[in-house]
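Got your viewer open? Load the model, show it as a cartoon, and let's take a walk through it.

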Amino acid sequence: MAKKIALITGVSGQDGAYLAKFLLNKNYKVIGSDRRSARNSQWRLKRLGIDNKIIYEELEMGELFDIDRLFKNYKFDEVYNLAAQSFVGSSFYSPLNTANITGLGVLRVLECIRTLSPKTKFYQASSSEMFGDVLEKIQNENTPFNPQSPYAAAKAFGHFLTLNYRKSYKLFAVSGILFNHESPLRGEEFVTRKIIVGFINILKKKKAFIELGNINAKRDWGYAKEYVEQMWKMLNQKIPRDFVIASGKTYSIKDFVNEVAKNLKMKVKWKGNGFNEKLYMKNNNKIIIKINKKLFRPSEVNYVKGNITKAKKYLNWKPKVTFKKLVEIMVKEELENLK
Ligand code: F7E
């Protein structure tokens with residue numbers, strides 16, 4: 001049987017790399033694309049040992065003709081649209097670029113599918129950030145969106161267009177609303193890996209302290225490697241449906257810090273309040289975390305918690321990796337990579 005062909009946009013990101021590996025193991029021919037400037041950021045593909053196993057294509061999500069060219073060169077069975085300006089914090093400083101890539105980029109791909117390849121199945125990487133200042137305590141596929149950043153607004157645009165193209169043109173187009181998902185392949189600009197790398201640098205005496213923003217924000221964190229498998233499952237259902245993928249548990253950034261410290265056997269204590277809250281080493285009273293006002297976002301998502309009833313029913317999935325296990329995996333691999 002001929003191999004299935006999949007396109008993963010944003011292949012050198014955390015999810016792109018895990019998904020590429022997963023699809024290669026399922027005997028897909030994987031075309032992975034990224035913007036030209038991401039050429040040098042293939043460390044994740046290398047770490048997973050697949051940098052030479054995928055076909056790499058440079059692709060600007062801002063250029064319709066670039067996407068069009070790819071659709072004329074390959075007959076894709078499945079397209080996973082993971083390309084985005086994905087850092088919420090940066091979206092406040094580059095809102096137009098975020099809207100163009102994270103939002104309009106989705107529409108460009110959908111237009112290529114509609115006009116050139118209507119049998120191609122399409123997965124859109126939607127995000128729990130769309131729930132924003134949450135309108136329901138626990139969020140599911142029907143919870144209304146209340147985006148709090150240019151990133152979240154752009155994701156909501158992509159989400160609704162995916163739904164619209166499914167209804168209007170009968171495309172097999174679905175959105176996975178993924179809550180925060182982390183791994184050793186997470187970028188250091190995101191808070192989980194920033195904390196782990198920061199603490200290890202403190203232990204190695206390469207750094208005195210790290211600075212964080214809002215440590216009271218709460219997130220529903222899961223393991224990226226598990227989550228990307230659900231993307232594939234969504235495209236391999238009989239009926240196209242959207243799904244929330246989450247752990248169903250919520251923890252603060254402070255909880256994450258405490259768990260990392262525990263894993264690194266650092267005895268620590270918090271003191272002070274608000275902007276003056278600090279984390280100290282118990283043995284010598286050295287400050288290892290300070291709060292920096294500049295790292296607060298102009299508007300914040302304070303709390304999210306996902307409901308995965310639908311994923312349990314149709315995808316037959318529930319998360320295996322708990323919060324504690326996730327921190328353990330991330331810390332362990334970070335230490336091993338230092339060796
Ligand atoms: O922030 C707070 C920050 O940047 C988490 C992306 O994958 O998940 C991710 O978005 C929280 C926020 O992820 C720092 O204010 C405090 O409340 O790790 P993050 P995110 O914004 O939740 C969603 C689902 C996506 O779709 C996104 O693409 O941590 N926080 N201090 C900090 N955050 C960062 N980055 N750095 C700090 O120093």
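The tour starts at the ligand and then moves on to a strand and a loop.

A quick word before we click: this is a predicted model, where local features need pLDDT of at least 70 and side-chain atom pairs count only at pLDDT 80 or more, while totals for chains, interfaces and linings use all residues. Residues are numbered from 1 along each chain as its sequence is written, and side-chain values use heavy atoms, with hydrogens and water left out.

**Stop 1: the ligand**

Select the ligand and show what is around it. You should find 24 residues in this shell (a residue counts as near if one of its heavy atoms lies within 4 Å). The closest are Ser86, Ser127, Tyr151, Arg297 and Glu300. By type, the shell splits into 10 nonpolar, 6 polar and 8 charged residues (Ala, Val, Leu, Ile, Met, Phe, Trp, Tyr, Cys and Pro count as nonpolar, Asp, Glu, Lys and Arg as charged, and the others, Gly among them, as polar).

Now show the side chain of Glu300: one of its polar atoms lies 2.6 Å from an oxygen atom of the ligand. Next, pick Lys194, where a polar side-chain atom is 2.7 Å from a ligand oxygen. Arg219 also has a side-chain N or O atom 2.7 Å from an oxygen atom of the ligand.

How much of the ligand's accessible area does the protein cover? It covers 96% of the 700 Å² that the ligand has on its own (Shrake-Rupley method, 1.4 Å probe).

Color domain 1 (5-183 + 222-248 + 302-321) and domain 2 (191-217 + 252-301 + 332-338): both give residues to the shell, so the ligand lies between them. These bounds come from an automatic or database domain assignment.

**Stop 2: strand β5**

Jump to residues 121-127, which make up β5 (strands are DSSP E runs of at least two residues, helices H or I runs of at least four, numbered from the N terminus). Here 6 of 7 residues are buried (under 20% relative accessible area, 1.4 Å probe, protein chains only).

Add β4 (residues 78-81), which runs parallel to β5 and is joined to it by 4 bridges (pairing takes at least two DSSP bridges). Look for Asn81 opposite Gln124. Then add β6 (residues 173-178), also parallel to β5, over 6 bridges. There, Ser126 has Ile177 as its bridge partner.

**Stop 3: a loop**

Finally, select Ser117, in the loop between α5 (95-116) and β5. Is Ser117 buried or exposed? It is buried, because its relative accessible area is 6%. Its side chain makes a polar contact of 2.4 Å with the side chain of Thr120 (a pair of N or O atoms within 3.5 Å; within protein, one must be able to donate a hydrogen and the other to accept it, and residues adjacent in sequence count only if both atoms are side-chain atoms).

Definitions and conventions: Buried < 20%, exposed > 50% of the residue type's maximum accessible area, 1.4 Å probe, protein only.
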